[in-house]
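Thanks for making time this morning. I would like to walk you through one model, starting with the ligand and its surroundings and then turning to the pockets.

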Amino acid sequence: MSDSFLPGLVADLSGQVAIVTGASRGLGKAMAEALGASGARVACVARNADKLSETVEAIRARGGQAEAFSCDVTDRVKTDELVDRIADEWGKVDILVNNAGITRDTLLPRMSDDEWDDVLNTNLRSAFLWCRAAARHMMRARYGRIINITSVSGLMGNPGQTNYSASKAGLIGLTRSLSRELAGRKVTINAVAPGFIESDMTATLGPAIVDEAKKRIPAKRLGSPVEVAAAVVFLASPAAAYITGHVLTVDGGMTG
Ligand code: NAP
């Protein structure tokens with residue numbers, strides 16, 4: 001995360017407890033760092049313990065508080081245990097960012113059952129599990145911020161991504177319905193829909209596809225993980241108290 005971007009990125013989240021899934025690299029790492037720099041105590045969740053500790057070290061190097069929790073987000077039992085443990089040991093859960101996600105791109109006639117199921121399980125079912133586990137604590141506390149990371153693919157569709165687009169569109173439906181269930185308890189649920197962002201996920205696409213994508217982006221460039229993190233910090237902040245059920249695109253104008 002670039003320090004020069006930090007002054008505009010941080011909100012006052014001191015004393016708050018945040019959980020970020022998929023915090024071991026890419027967008028989730030930037031989100032965890034930005035929330036940590038804003039004063040939140042951050043529970044960094046993913047499977048790769050070594051990469052997670054790099055995120056934790058980066059947060060601590062700026063004077064923030066963070067801990068790594070190695071967990072597969074599709075595991076219901078571990079999810080419930082971990083969210084309850086954080087709420088118990090850290091006192092509460094104020095912020096949940098459901099960011100963990102995967103792609104298994106291929107055209108639909110060639111798509112295997114596993115490629116469909118893996119993507120739906122990781123991107124959509126896990127968000128249901130984590131929302132359910134965290135919402136129980138947030139409802140009791142009458143405070144909470146849930147931010148689900150969807151994608152412009154969930155809004156526009158994308159060839160080769162029927163599984164991914166379906167999962168991300170489903171996440172928007174989950175966000176909108178849950179926002180209506182929990183608004184009266186002062187718990188907000190919003191989605192952030194990134195476009196093409198520099199990360200391992202887009203690096204696998206290769207330079208030809210990235211150059212072609214740039215032509216279709218009005219801003220003529222890929223976004224950076226910190227630009228997505230900025231949207232997450234805003235929606236996680238007290239300033240966003242009256243925003244719920246919203247999908248905030250961070251896409252250089254792609255869907256504008
Ligand atoms: P990435 O670099 O591939 O990182 C994905 C993260 O998810 C990693 O931290 C990974 O950690 C974690 N993860 C995946 N499966 C998991 C599982 N079963 N359990 C726990 N953690 C898991 O992806 P990214 O580009 O940062 O994308 C982050 C999110 O933004 C995703 O939801 C993605 O769909 C969305 N998004 C990205 C873009 C983009 O252009 N990059 C655009 C739109 C939306 P481990 O491997 O350590 O478990």
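Which helices each supply at least two residues of the shell around the ligand? In this predicted model, the answer is helix 2, which runs over residues 26-37, together with helix 7 (162-182) and helix 8 (200-203). Of these contributions, the one from helix 8 is the largest share, and it amounts to 3 residues.

The shell around the ligand counts 30 residues, and those that come nearest are S24, R47, N99, Y164 and S199. If we sort the shell by class, we find 13 nonpolar and 12 polar residues, with 5 charged ones besides.

Let me now go through some individual polar contacts. The side chain of K168 places an N or O atom 2.9 Å from an oxygen atom of the ligand. Two further pairs involve the protein backbone: a backbone N or O atom of I197 is 2.8 Å from a ligand oxygen, and for G195 the distance between a polar backbone atom and an oxygen atom of the ligand is 3.3 Å. As for burial, the ligand on its own has 890 Å² of accessible area, and the protein covers 96% of that.

Where does the ligand sit? The ligand is found in the largest pocket, which holds about 1,300 Å³ of space. Its lining comprises 50 residues, and the ones nearest the centre of the pocket are G101, I102, T103, Y164 and M201. You will recognise Y164 from the list of residues that come nearest to the ligand.

Turning to the elements behind that lining, helix 2, helix 7 and helix 8 each supply at least two residues, and so do strand 2 (41-46), helix 5 (113-141), helix 6 (152-156) and helix 9 (207-216). By class, the lining of the largest pocket divides into 19 nonpolar, 21 polar and 10 charged residues.

Finally, a few words on the second largest pocket, where about 150 Å³ of space is available. The residues that line this pocket are F128, C131, R132, A135, M139, L174, S177, L178, E181 and L182, and the elements giving two or more residues to that lining are helix 5 and helix 7. Its lining has 7 nonpolar residues, 1 polar residue and 2 charged residues.

To return to the ligand before we open the discussion, the picture to keep in mind is a molecule in the largest pocket, with 96% of its accessible area covered by the protein.

Note on methods. Residues numbered from 1 in each chain as written. Predicted model: local features only at pLDDT ≥ 70, side-chain atom pairs only at ≥ 80, totals over all residues. Heavy atoms only, no water. Near = heavy atom within 4 Å. Polar contact = N/O pair within 3.5 Å; in protein donor to acceptor, adjacent residues only side chain to side chain. Areas by Shrake-Rupley, 256 points an atom, 1.4 Å probe, with all protein chains shown as cover. 1 Å grid on protein atoms, 1.4 Å probe; cavity = no way out; pocket = protein on both sides within 12 Å on 5 of 7 lines; lining within 4 Å. Sits in = over half its atoms within 2 Å of the grid points. Helix = DSSP H or I, 4+ residues; strand = E, 2+ residues; numbered from the N terminus. Nonpolar A, V, L, I, M, F, W, Y, C, P; charged D, E, K, R; others polar. Points joined across faces, edges and corners; volume = space filled by probe spheres on them.
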